[in-house]
Structures are given as structure tokens and as C-alpha cells.
Amino acid sequence: MDTGKTIDNFKFYEGFEGEPEIVIKAENSDMQILHIWDGYFDDILREPKLDGNGWQGFTRDYHQCEGAFGDDSEAIITDINEYLSDLKLYQNRHFDYDDTKEVYDLLCSWLDNAIKNGCEISIKVV
């Protein structure tokens with residue numbers, strides 16, 4: 001339910017001001033708006049599977065420069081399950097940055113919450 005009390009979470013963008021930022025927001029919801037440094041996304045999504053089965057979710061968008069990672073720099077996601085399933089492919093990855101695991105866990109729990117609340121999400125690359 002939208003109570004008009006949305007909180008912006010800059011924890012994973014602080015210190016990276018001026019560098020690419022990914023903003024993830026649940027539309028019509030009071031869920032936190034996530035502001036994440038692009039470097040954490042790169043750390044999560046680098047070296048995707050090349051098994052010939054095609055990519056989905058964030059992996060597809062990020063590596064094929066589609067959706068928010070394309071020319072428009074913004075996209076609405078309605079099939080959040082696809083994006084959460086895609087992220088789960090990286091759950092056993094060793095990350096280069098100390099905070100990436102925390103970012104990964106936050107993204108997974110946030111997307112799961114968005115699914116439970118029936119939200120659409122918007123993603124913007126700034």
C-alpha cells in the first residue's frame with residue numbers, strides 16, 4: 001500500500017557520486033527506492049553463462065544494452081520473477097568488492113518483496 005512515505009536508500013551509492021547510478025523503484029508502493037553504484041551490478045553480472053540458452057532479466061538487459069541499460073536509460077519491469085530468477089544464477093559467485101554480496105542479498109530480498117506486493121518496478125540508469 002502506498003502511504004507516501006517512500007525512503008531512498010543510498011547506502012550502496014554513497015562515495016560513488018558522479019559515477020553511474022542504478023535507481024530501482026517499486027511503482028505505487030512505499031518500498032525503499034534503491035540507489036546502487038553500477039560497479040556492484042557489474043561485479044554481480046560479469047561473466048554470465050555462455051551455454052547457448054539465452055539470457056534473461058538483468059543479465060540480458062545489462063550485457064545486450066537493453067531496457068534501462070540501453071539508449072532510453074529507463075524501463076518498467078512487470079515480470080519481476082524473471083529478474084529474480086536471473087539474479088539467483090549468481091548466488092554462489094565470488095564477488096570482487098566487499099559490499100557486493102550485501103547488494104546482491106538486498107536486490108534479491110527487495111525483488112521478492114516487490115513480487116509479494118504485486119508491484120511493477122522501474123529501473124533507471126543515471
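## The sheet and its strand order

Two strands count as paired here if DSSP finds at least two bridges between them. With that in hand, let's look at the sheet in this predicted model. Five strands form an open sheet in the order 1-3-2-5-4, and the pairing is mixed. At the edges sit strand 1 (8–12) and strand 4 (74–77), each of which pairs on one side only. On average, neighbouring strands of the sheet are turned by 20° against each other, direction ignored.

## Strand 2 and its two partners

Strand 2 covers residues 21–26 and is a good place to start exploring. Is this strand mostly covered or mostly open? It is mostly covered, with five of its six residues buried.

On one hand, strand 2 pairs with strand 3 (residues 33–37) in the antiparallel sense, over four bridges. If you would like to find this pairing on your screen, try Ile-24, whose bridge partner in strand 3 is Leu-34. Another pair to look for is Glu-21 with its bridge partner Trp-37, again in strand 3. The hairpin that strand 2 and strand 3 make has six residues between the strands, and Asn-28 takes a positive phi near 55° in this hairpin.

Strand 2 also pairs with strand 5 (residues 121–125), in the antiparallel sense and over five bridges. Here Ala-26 stands opposite Ile-121 of strand 5.

## A helix on the sheet

Which strands does helix 1 touch as it packs on the sheet? Helix 1, made of residues 38–45, touches strand 1, strand 2 and strand 3. The direction of helix 1 makes about 75° with that of strand 3.

## The chain as a whole

Stepping back, the protein chain holds four helices and five strands. Read from the N terminus on, its elements run β-β-β-α-α-β-α-α-β.

How does the overall size fit with a compact globule? A compact globule of 126 residues would have a radius of gyration near 14 Å, and the protein chain has 14 Å, so the two agree. Along the principal axes, the C-alpha atoms fill a box of roughly 45 × 30 × 30 Å.

## Contacts and surface

Take the contacts in the protein chain between residues at least 6 apart in sequence: 68% of them join residues at least 24 apart. As for burial, 44% of the 126 residues count as buried, where buried means under 20% relative accessible area. The protein chain exposes about 7100 Å², and carbon and sulfur atoms supply 44% of that area.

Note on methods:
Residues numbered from 1 in each chain as written. Predicted model: local features only at pLDDT ≥ 70, side-chain atom pairs only at ≥ 80, totals over all residues. Heavy atoms only, no water. Buried < 20%, exposed > 50% of the residue type's maximum accessible area, 1.4 Å probe, protein only. Helix = DSSP H or I, 4+ residues; strand = E, 2+ residues; numbered from the N terminus. Axes fitted to C-alpha atoms, helices over the stretch in contact; angles between N-to-C directions. Contact = heavy atoms within 4.5 Å. Rg over C-alpha atoms; globule rule 2.2 N^0.38 Å. Areas by Shrake-Rupley, 256 points an atom, 1.4 Å probe, with all protein chains shown as cover.
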